[in-house]
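Open the model in your viewer and keep the selection tool at hand. The stops below say what to select next and what is there.

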Amino acid sequence: MNESTLFALTFIIYVAAAFFYFAFIFSKRENLAKVGYNFAVIGLAAHTVALIMRTIESGHAPFTNMYESLSFLGWSAMLAYVLIEGKFRIRKAGPYFMLIVIGLMALASSPLMPSSATPLVPALQSYWLWLHVSVTLLGEAFFAVAFITSIMYLAADSRETKGTAKPDAISAAKLDSISYRCVAIGFPLFTLGGLVFGMVWAYRAWGSYWSWDPKEVWSLITWFVFALYLHTRIVMGWKGRRSAVIALLGFLAALFTYFGVNYLLAGLHSYA
Amino acid sequence: MKFLLDYFSSVKLAIVLLIIITLASILGTFVPQQRTAAEYAARYGQLAPLLITLEVTRLYHSWWFLGLLFLFSLNIAVCTLTRLGTKWRRAFRPSVKADATKLKALKISAEFRMKGSPADAAPSVKSALRGRRYRIRESGREGNIELLARKRTAGLFGSDIVHLGLLVILIGGIISGFSSTRRMLTITEGATLDVPEAGIQLRLDKFQTDYYPNGAVKDWKSFLTVIDGGQEVLQKSIEVNHPLSYRGFLFYQSSYGYDWENPRFEIWAKKTDDSEFLDKLQSGVGETVPLSDEKTEILIKNFVPDFIINEQNQVATRSLQPNNPAVLIEGRQDGEPLFSAWVFAKFPDFSQMHSEREHVFTFELKNIDSAPYSGIEMARDPGVNFIWAGCIFLTLGLFVAFFWPPAEIRVALSQDQDRTSITAGGIAAKNKDALQEEFDRITASIRSHA
């Protein structure tokens, strides 16, 4: 079995996980969510093996072009979700989260994305590639979970104020707390991987740790938005709706850093 | 002064500044930075002069953006310092006071009774707390005992370490802005170049391009010798991502190319009336070479690697790659001009010959060779050590702040007839759920001794 077959298999397992999660949402049968979760874990394992095979086949880190980095982001997001669900039992987030992961995987395998394992250009031949990209994407994966739980918060909050919340629903307060916890894990990782490791690598490769390149600026913007989230929350006591909106904006900024900058703005950082 | 201090110690100011800086940064990514006035005029029309005056076109280096960053750093410094005193006292000289009514009002709290006097009950309370790695301070009044149990107190200072890191990074940025130097050096293979900034000479012993099997470039390597005070002091090969460092100067492999100032090539001269005739003339620009007929000589007047006729109707080179090499030659016989011609390596039949008199020569351009040069970026940045120190504080502080949350449990033990009434409360700024869980276990363990 080669890497692309395994990637396809992973995709199918994720789709199965999403199917069971949605079946759970509609039927309210708890054991369907468990099946969904198990499929997600098996998919994650298959995905891990696929990434390892990709690394062995290409001889470099599995995130040097859009296909690879999307697949790796999908993997990170899945890992973050499996950890968060394992800890907080937020099964209702499962179906929506699976949609994001499946979306990433579908995008990765779309013919628009260059997928062939090409040899690395000289600037990317560095162990900083591993450190910079993997830690950054892992941080962003937690932002993605916070994004989903913030959307769920907004929905739960409006239902609770209208009094239409179902008794078995996850409370808005709990979703708010989970969003905060995800940002609290994602923020240090993103700072270390995206900003610190990025600066060190830029200095090693280009001789300048900061060049105000659009990708650099957008990762700083993402960082500012989450800094805003944390300060308004911890120091000024903001919670709930306003916090959720800032978390949404933060993840959108992270997405724009990841995709938008490459397609809409030109710059030094033109790899992925 | 007091007013200023109050103003800058406000978190609201910090948040407003953060929002303004974020919006400005976004603007800067959509307006291309540091282009020519003509480009802005073409892109923004009448808006262009305004953008240039407001320095939106060099936003991140503009006075107002730097001013915002300065205000923001001042804000961070004042905010951090004004709160540090209180935190310091809380961490190192805490009050051990535990007031039962206040403890009961906390979100995390418990109340129960144990046998015996407070002095009898205290050991089991303390051992339950110590079992969870709490450090305990104690005070007693009139037979009552008050306990302050804390752990991960260092976590209180996480955010201060983060802020210190940010300030150090900003200081590093200022130092970089004022005193960093960068220059592109080009050295051809075998040549020695003076680098006056560093007070050294740099010799390129060899330049090498490595390829992947499919032909894509894998790496560029420059084998360099550092000559300091006439002595060869260091030999090192540099490649992309692996610069040479010498006395605070860094030398980066940055680009490569060919030295088209001094190319070598062959000009093949043929005669239309004599198919046997072939002269292979080794030459370079500015040279005069005689043909074997002993009366004609060829002057090599010009060479371009990528021939093009530009808008001014002049010969120019489109690039520094040998895409369309061409040489301008002039033929003379007995001191009189005979012809002049552009000879193209890739289009041998396309020689543009302007002949003064009739002749039988045709020419071809062959075996073009030029010394490769290595483009080496020299950089010195005294600010960079501040940046790394700041990054270490920043990262360390964040991990302390988020993964080392301080926890505090206060316990009041008071005599209640022949028994002891125990009130306990837990305080955590972050991770309240985790403390609640731990608090429940601790109280359960104490009760099991009761």
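Select chain A and colour domain 1 (1–120) and domain 2 (122–272), as the domain assignment gives them; such bounds come from an automatic or database domain assignment. This is a predicted model, in which local features need pLDDT of at least 70 and side-chain atom pairs count only at pLDDT 80 or more, while totals for chains, interfaces and linings use all residues. Residues are numbered from 1 along each chain as its sequence is written, with chains lettered from A and ligands numbered from 1 in the order in which they are written.

The C-alpha centres of the two domains of chain A lie 20 Å apart. Between them, 22 residues of domain 1 are in contact with 20 residues of domain 2 (C-beta atoms, placed from the backbone, within 7 Å). On the domain 1 side, select helix H3 (66–88) and helix H4 (94–109), the elements that give two or more residues; helices are DSSP runs of H or I, at least four residues, and strands are runs of E, at least two, numbered from the N terminus. H3(A) gives the largest share of that side, 11 residues.

Next, show the contact of chain A with chain B, which takes 34 residues from chain A and 36 residues from chain B. On chain A, helix H6 (172–206) and helix H7 (214–234) each supply at least two residues.

Finally, select chain B, with its 10 helices and 23 strands. Its C-alpha atoms fill a box of roughly 135 × 50 × 45 Å along the principal axes.

Key
Contact = placed C-beta atoms within 7 Å.
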